[in-house]
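Hi,

Here is the structure I said I would pass on. Have a look at it first, and then read on for what turned up.

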Amino acid sequence: MAARTTAPEKRPGFLTQLRTLFTFTRKAFPWLPWLLIGILLVGIGLGLLVGFLIQPVAWWSVVLWTITGLMLGVLASLMTMTRLSTIAMYRQIDGMPGATGHVLSTSLGRKWQAGDMPVGINPKTQEAVYRAVGRGGVVIVGEGSRGRLTRLINDERSKVQRVASGVPVTVLYVGHGDGDVPIAKLASTIKALPKKIDRATMAAVIKRIDSVSQSLTSLPIPKGIDPTKVRAPRPR
């Protein structure tokens with residue numbers, strides 16, 4: 001009997017990712033093709049202008065500068081489309097249960113540690129609390145109605161302060177009300193917090209909190225968001 005071989009999963013190529021990114025972004029911004037064409041034309045035009053301004057004018061110089069302008073236009077188009085795709089992603093997941101966990105686990109970078117699973121949840125209303133630990137201390141993020149989040153927030157804050165006394169704890173609420181942080185600005189708000197602890201303290205805080213955290217595997221996961229479907233793919 002022949003041994004079974006498991007072939008590695010084939011990742012989509014650059015052009016496939018680019019096409020998927022374009023399709024995803026165009027759904028939110030129908031005028032995207034015209035914008036990208038305009039950026040390319042501006043790049044080519046700038047290249048031609050530089051080529052004719054450099055004296056003495058030579059055909060090969062004009063061609064080279066035109067190609068350079070085209071490449072810069074392509075780069076600017078990719079950067080613009082990536083930026084717009086991020087905006088489109090935030091618009092799509094705004095208000096969906098689990099969106100906070102998706103942002104915390106993918107957008108904070110290496111200086112912060114956070115997961116996509118909530119550390120506290122109300123199974124009936126799907127209000128959830130998430131936690132991130134970094135150089136700015138501990139950040140507790142509430143997703144849902146403030147009134148129904150009070151107990152979950154207080155429980156998580158008490159647990160953190162019990163095992164990490166002296167470490168600053170910041171509480172944020174995701175939403176569009178007074179004092180709330182929009183989901184699109186959540187990552188930037190957390191990363192803008194001033195550094196309060198060093199790396200060694202941060203590692204110790206993470207270890208202490210993890211040691212007292214209770215597993216939430218028996219609780220239902222908030223439904224309504226699938227990060228693998230709403231995440232805007234980025235070309236490699």
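Let me start with a side-chain pair: glutamate 127 and arginine 148 meet in a salt bridge, at 2.9 Å from N to O. Glutamate 127 sits in the loop between β2 (120–121) and β3 (128–134) and arginine 148 in helix α5 (residues 146–163), so this pair ties together parts that are 21 residues apart in sequence. The two ends sit in unlike surroundings: glutamate 127 is buried, with a relative accessible area of 4%, whereas arginine 148 is partly exposed, at 49%. Bear in mind that this is a predicted model.

The count of salt bridges comes to four. Another one joins arginine 131 to glutamate 156, with the closest N and O atoms 2.6 Å apart. That pair links distant parts of the chain, since arginine 131 is in strand β3 and glutamate 156 in helix α5, 25 residues apart. Both arginine 131 and glutamate 156 are buried. Look at Lys159 while you are there: Arg131, Glu156 and Lys159 are linked in a network of salt bridges.

Helix α5 also holds arginine 146, which forms a salt bridge with aspartate 180 at 2.9 Å between the closest N and O atoms. Aspartate 180 is in the loop between β5 (169–174) and α6 (186–191), 34 residues from arginine 146 in sequence. Here both ends are partly exposed, with arginine 146 at 38% relative accessibility and aspartate 180 at 21%.

Now the backbone. Most residues other than glycine have a negative phi, and most peptide bonds are trans. With that in mind, which residues does a cis peptide bond join here? They are glutamine 55 and proline 56, with omega at about -5 degrees. You will find proline 56 in the loop between α2 (32–53) and α3 (59–93).

Glutamine 126 is worth a look too: its phi is positive, about 70 degrees, although it is not a glycine. Glutamine 126 lies in the loop between β2 and β3 and is partly exposed, with a relative accessible area of 30%. The glutamate 127 from the salt bridge above is in that loop as well. There is also a positive phi at glycine 109, near 85 degrees, and this glycine follows α4.

As for α4 itself (residues 99–107), the buried residues there include Ala99, Thr100, Gly101, His102, Val103 and Leu104.

On to the packing. The largest nonpolar core has 29 residues, and Ile183, Leu186 and Ile190 are those with the most contacts inside it. Which elements give two or more residues to this core? They are α1 (14–28), α2, α3, α4, β3, β4 (137–143), β5 and α6. Of these, α3 gives the most, with six residues.

If you centre your view on isoleucine 190, you can pick out its contacts beyond four places in sequence: Leu104, Leu108, Trp112, Val139, Val141 and Leu172. Leu104 is one of the buried residues of α4 mentioned above.

Apart from the largest core lies another, of 17 residues, with Val160, Val163, Val205 and Ile209 among them.

That is what I have; send me your thoughts once you have looked through it.

Cheers

Notes
Residues numbered from 1 in each chain as written. Predicted model: local features only at pLDDT ≥ 70, side-chain atom pairs only at ≥ 80, totals over all residues. Heavy atoms only, no water. Buried < 20%, exposed > 50% of the residue type's maximum accessible area, 1.4 Å probe, protein only. Helix = DSSP H or I, 4+ residues; strand = E, 2+ residues; numbered from the N terminus. Core = buried A, V, L, I, M, F, W, Y, C linked by side-chain atoms within 4.5 Å. Contact = heavy atoms within 4.5 Å.
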